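Thanks for coming. I will take a few minutes to walk through one model, and you can follow along on the screen.

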Amino acid sequence: MSVGINSHSLSHFYPIFLACHHSTSTPPSPPDTNSNPSFPSKQSKPHPHSYTDSTNPLATHLSLTLFISFPTSTISATALLTLPTPFSGPLLLDTRSLSISSVLHPQTLTPIPFSLSPTIDPIKGQLLTLTLTGQDSILITYSTSPDSSALQWLNPSQTASKTHPFVYTQCQSIHARSVFPCQDTPAARLRFSALVNLPHPLSSVASAPKTFPDPRPPNPNESRGAVSDDLWCAPGRCVEEFSSEFPVPPYLFALAAGRLGSREVGPRTMVYAEAEGEVLGAAAKEFAGVEEMVRAGEGLFGPYEWGRFDLLVLPPSFPYGGMENPLMVFLTPTVIRGDGSGAQVVAHELAHSWTGNLITNKTNEDFWLNEGFTTYAERRIVEVVQGEERAALNVGIGWKGLNADVERFKDNMEFTKLKNKQEGVDPDDIYSHIPYEKGFQFLWRIERQIGRAKFDEFLKKYIATFKFQSINTEMFIEFLKENVPGIEKDIDLDQWVYGTGIPQDALEPVSNIYTKIVSLSNEFKLGRMPTEDEVAYWSGQEWELYLENLPKTAEASQVTALDARYHLSESKDWEVKVAFLQLSISCGCKNYFGEVEKTLKEVGRMKYLRPLYTALVQGAGKEEKILAKRLFMEARESYHPIAQGVVESILLKHA
C-alpha cells in the first residue's frame, strides 16, 4: 500500500551525493525485553488483531458467491471455507458487521453448530465460533452490513457517470472480516474464487483473473443459498466469475463493481476506470510506461509471478494512494498528473508483487517487512527507469516524512520501532511513514555494509526462499544472519528493529537538487522567495519538498505573495496543492479556507485529509476548529469508512 509519500530512490546514488548526514535524533532506547527475540516467552500474541487460534488449522481456499444489492448497500453471500485436513473442535473466525444465517456441511447440508460472541471488540469485531466434528469444509451463509468497514457504496451522484452506482473494497489491514468470515490475519494465505452477481450493465474486477471475459446470465442453483433463485436469476442481473491459483492473505482480497471501461497499455497491463468521464483516457496516458517498470522489477528481483498487472483507477473517495491487490492494483485518481510522474505510485504497488504479496508480514506488528522492503524495491525500480537524480530527491522527501512521524509519536515511542507491540491497537490509527522509511533505512544500512552486489544476491535469495509465505521479523533476522555471517557485529540489529526513534547510523541523503531546494526554503525565512529561473524546471516533487521545508510560522503576507507568483493553491498536482494549503492554514491565511473546503469535499485520500484536518484543529483560533467540524459533517458520507475513522480520531483528539 502506498502511504502516499513521493519517496522513491536508493543507495547507488553516491556519485551524486554531496554529503550524507547522520541523524541528529535522540539515540534509540534499549530494546524492550518484551519484544526482543532473546525473550521468546514474552513475545506478543501470534495474531494480535485476530481471534484466530494458533492451534486451529488455517483455511487454504475460500469460494464466495456474492449478490450485490445497491438499493440496500449490502452483499448477500456464501463463503465456502476449505481446511487442509479434517478438524474437530472449535474453529474461531473473525467477523465484523456480518449477519450469519447458517453454517452447513457443504456436501450433506447438515447444520454445523455456531455462535457469535455477545460482545463486539472495537478492533477485532465479533467472534464467530464453529464447532466442527471432523469436517474439512464449511459453508457459511451471511450478509454484509451497510456499515461494513471495507466497503464503500457510492450512489450515482458520487460517480463520473451520474447514472450508475459504484462499490469497492479496501480490506487492508483488518477489514476483510467485514466482507466475509475468515481468519483475518496475514499469517493465513488463501486461494480465492468468486461468483459475483450484479445488475447489468455494470461489470466487476477483482484481485483474481476472470474465468470468462464477458458477463453471462445467472444460472439456477448456483448461488448456494446466498439468495433465492428468483433474486439470483432476476431480469437485468448478470454473473462474473473469478478464480486465482495464488495463495494470498485475506487483506489482499479486492472487488470493485461499476460502469467500467478499460484501455490496454502494455502486454500484461490493462487500465480500468469508470467508462464515463476523462479519467480513463488520462490514466492510460499516465501509466503508458508501466511495462518498462515491470521489466525493471524482474531484472532486479526475479520473475514476475502473477501473470497480469492490471490497474483500476477508483473514484476520488479511495483513501490511499494505491493498494497492491494482486493482479488488480487499486489507485486514487489524484496520482494522475498529466506528466507521467504519477507512475511512481504504481512503482510502489508493483514492488509489492515481490515484497508484500509474494512474501507477507505474518502480523501487522511486522508491517515493515511489507513496506520497508517495498519502499527499497520501489526506489530501485525508479532509479532504473527515471534516473539517480530523481531517486535521490525522493529519498530526501522520505527522510522528511520519517522525521515528521517520529515527532508525531513522541508521546508513544513504541510505534517508532520497526517491530512494535499492537495488541489492543487499531493498525489504522498508527499508520505512518515509519515502517516505510525506517524500514528502507535499515535495508539501505545493510546494503552499505555489504555492498550493492552482495545485497542484490541476498534479496533474490530471500524472495526465492520465502515466496508465497508469511514470515515475521525474527525469521528475517535469522535468515540475514545465516546468509550474511557476522552482520550483527557490524550493525546493531536489535537497535534497528526494537529500538525507538531513528538510529545514529541512519543517513540523510543530500543530492545537488535536494541541497538547493532546502537552501531556498531556508532563504524564504529571510523573506526571499525563489526566482522564476530557479524553479523553471521544477516538477511537483520539487515544489512539495520546498513547501514542506518552509516554516509553519511564516508571515501570512509571505505565503500569499508566494501563491500570487506561482499559483500553488491552484496546482493540478494534488501533492503541491495540499502542501501549500496546509502551510496556509498553519500560517493563518484565512483567505484560502474556500480552497481548503473545496479540496476536502473533492477527495478522500487520507494523505490529504489527515494534514488538512490536523492543521485546522490545531489552528490558533476557534474559527479553524469550527470549520473542520462543519466540513467533516458535510463531507463525511463521501469518505471511505476507514478515512471517516481517521478524521473522527483527529477531531476527537484536538477539537
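I will go through salt bridges, then the nonpolar cores, then two helices and one loop residue. Keep in mind that this is a predicted model.

Salt bridges to begin with. A search of the whole structure turns up 37 of them. I have picked out three pairs and one network.

The pair D94 and R177 has its closest N and O atoms 3.9 Å apart. D94 sits in strand 3, residues 74-95, while R177 sits in the loop between strand 8 (166-169) and strand 9 (191-199), so this salt bridge ties together parts that are 83 residues apart in sequence. Are these two residues buried or exposed? D94 has 0% relative accessibility and counts as buried. R177 is also at 0%, and buried.

The next pair is E291 with R295, where the closest N and O atoms are 3.1 Å apart. Both belong to helix 3, residues 290-301, and because they are four residues apart there, about one helical turn separates them. As a reminder, an α-helix has 3.6 residues a turn, so residues three or four places apart point the same way. The burial of the two partners is as follows: E291 is buried at 10% relative accessibility, whereas R295 is exposed at 54%.

My third pair is R528 and E523, with 2.4 Å between the closest N and O atoms. R528 is partly exposed at 31% relative accessibility, and E523 is partly exposed at 28%.

Then the network. Which residues does it link? Salt bridges join R337, E544, D573, E575, R605 and K607.

Now the nonpolar cores. The largest one has 202 residues, and the members that touch the most other members are F287, F442 and F476. Take F287: leaving out residues up to four places away in sequence, F287 touches V265, V271, L311, V313, L331, V335, I336, G342, A343 and V346. Another core, of five residues, lies apart from the largest one, and its members include F67, L195, W232 and V239.

Two of the residues that F287 touches, A343 and V346, bring me to helix 4, since both are listed among the buried residues of that helix. Helix 4 covers residues 343-351, and nine of its nine residues are buried. Among them are Q344, H348 and E349.

Helix 14, residues 556-566, has these buried residues: Q558, V559, L562, D563 and Y566. Viewed down the helix axis, they fall within an arc of 135 degrees, so they line one face of helix 14. What covers them? The cover includes helix 12 (512-524), helix 13 (540-548) and helix 15 (574-586). On the other side of helix 14, S557 and A564 are exposed. Just after the helix comes H567, with a positive phi of about 55 degrees.

Last, the loop residue. N357 is located in the loop between helix 4 and strand 18 (359-361). N357 is buried, at 1% relative accessible area. What is N357 in contact with, leaving aside neighbours within four places in sequence? The list is R189, L252, W306, E324, N325, P326 and H352. For a distance to another part of the chain, N357 and S117 are 32 Å apart, C-alpha to C-alpha, and 240 residues apart in sequence.

That is what I have. I will leave the model on the screen for discussion.

How values were computed
Residues are numbered from 1 along each chain as its sequence is written. This is a predicted model: local features need pLDDT of at least 70, side-chain atom pairs count only at pLDDT 80 or more; totals for chains, interfaces and linings use all residues. Side-chain values use heavy atoms; hydrogens and water are left out. A salt bridge is a side-chain nitrogen of Lys or Arg within 4 Å of a carboxyl oxygen of Asp or Glu. Helices (H or I, at least four residues) and strands (E, at least two) are DSSP runs, numbered from the N terminus. Buried means under 20% relative accessible area, exposed over 50%, partly exposed in between (1.4 Å probe, protein chains only). A nonpolar core is a set of buried Ala, Val, Leu, Ile, Met, Phe, Trp, Tyr and Cys residues joined through side-chain atoms within 4.5 Å. Contact means heavy atoms within 4.5 Å. The arc is that of the directions from the helix axis to the C-beta atoms.
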